[in-house]
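Q: I am new to this structure. Please take a close look at one part and walk me through it.

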Amino acid sequence: MTLNLKLKSCILALTGSAILAFGLYHVHSISNVTEGGVLGLTLLLHHWLGISPSASGLILNLLCYILGLRTLGKNFLMYSILSGGGFSLFYAIFEQFDPLWPQLASQPLLAAFAGAAFVGVGAGLSVRAGGAPSGDDALAMSLSQLLQQPIQRIYLISDLVVLALSISYIPLTRLAYSLLTVILSGQLIGLIQRIGPQKQNIS
């Protein structure tokens, strides 16, 4: 397997990471409307087993990236490093400023739609470039290829499993808004992945 990175795809991956980081900071971090996947699973493990999300998140994301590397190849890993690193950099920049829409803290329905838009578009662009900004995306990309299923279906199933487990400690009203945002963001990711002619960047 040889690396074959493209400048256009690198720019696309970084653009997606910036949009994703913007949405998570300015919407999710203040609204308490969360995503499913690895993030939700780390919170579940912390609540019931006392395992720090910093440790469980690292392990779970690493396992997802290993699966992605074995399934999707070296290009996937490099685009993922670019996407994940870009996300961390952009988030660190955004958090130097006050949130743009603090009123979203009292408007969870609006936050669910806004959060889904940023996550869907941001992660969708990174996935289209061939990389995964988080373990959730790496898992979805790998399972989509292995099972020959649309990526939005994989996102939905994995998120539903985590949200179902989270009923054990999260109020149903909050889960309802979270369910809305994960359904919408997953559909957006799948839509962006399919728009227009698609080049295969994974090898």
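A: What follows looks at helix 7 and its neighbours, after a short view of the whole chain.

This is a predicted model, in which local features need pLDDT of at least 70, side-chain atom pairs count only at pLDDT 80 or more, and totals for chains, interfaces and linings use all residues. Residues are numbered from 1 along each chain as its sequence is written, and side-chain values use heavy atoms, with hydrogens and water left out.

First, the setting. The protein chain has eight helices and zero strands. Helices here are DSSP runs of H or I with at least four residues, strands are runs of E with at least two, and both are numbered from the N terminus. The radius of gyration, taken over C-alpha atoms, is 16 Å. The globule rule (2.2 Å times the number of residues to the power 0.38) gives 17 Å for 203 residues, so the chain is as compact as a globular protein of that length. Of the 203 residues, 44% count as buried; buried means under 20% relative accessible area, exposed over 50%, and partly exposed in between, with a 1.4 Å probe and protein chains only.

Now the approach to helix 7. Gln148 sits in the loop between helix 6 (135–147) and helix 7. Gln148 is not a glycine, yet its phi is positive, about 55°. Gln148 is also exposed, at a relative accessible area of 63%.

Next, the first partner. Helix 7 (residues 151–166) packs with helix 2 (residues 37–49) at about 20°, their axes 9 Å apart. Axes are lines fitted to C-alpha atoms, for helices over the stretch in contact, and angles run from 0 to 180 degrees between N-to-C directions. The two helices are therefore roughly parallel; that term covers angles under 35 degrees, while over 145 is roughly antiparallel, 65 to 115 roughly perpendicular, and the rest oblique. Contact means heavy atoms within 4.5 Å. On helix 2, Gly37, Gly40, Leu41 and Leu44 take part; on helix 7, Asp159, Val162, Leu165 and Ser166 do.

Then the second partner. The axes of helix 7 and helix 8 (residues 172–194) come within 8 Å and cross at roughly 165°. That makes helix 7 roughly antiparallel to helix 8. Helix 7 contributes residues including Ile151, Tyr155, Asp159 and Ser166, and helix 8 residues including Leu175, Val182, Gly186 and Arg194. Asp159 and Ser166 of helix 7 thus appear in the contact with helix 2 and in the contact with helix 8.
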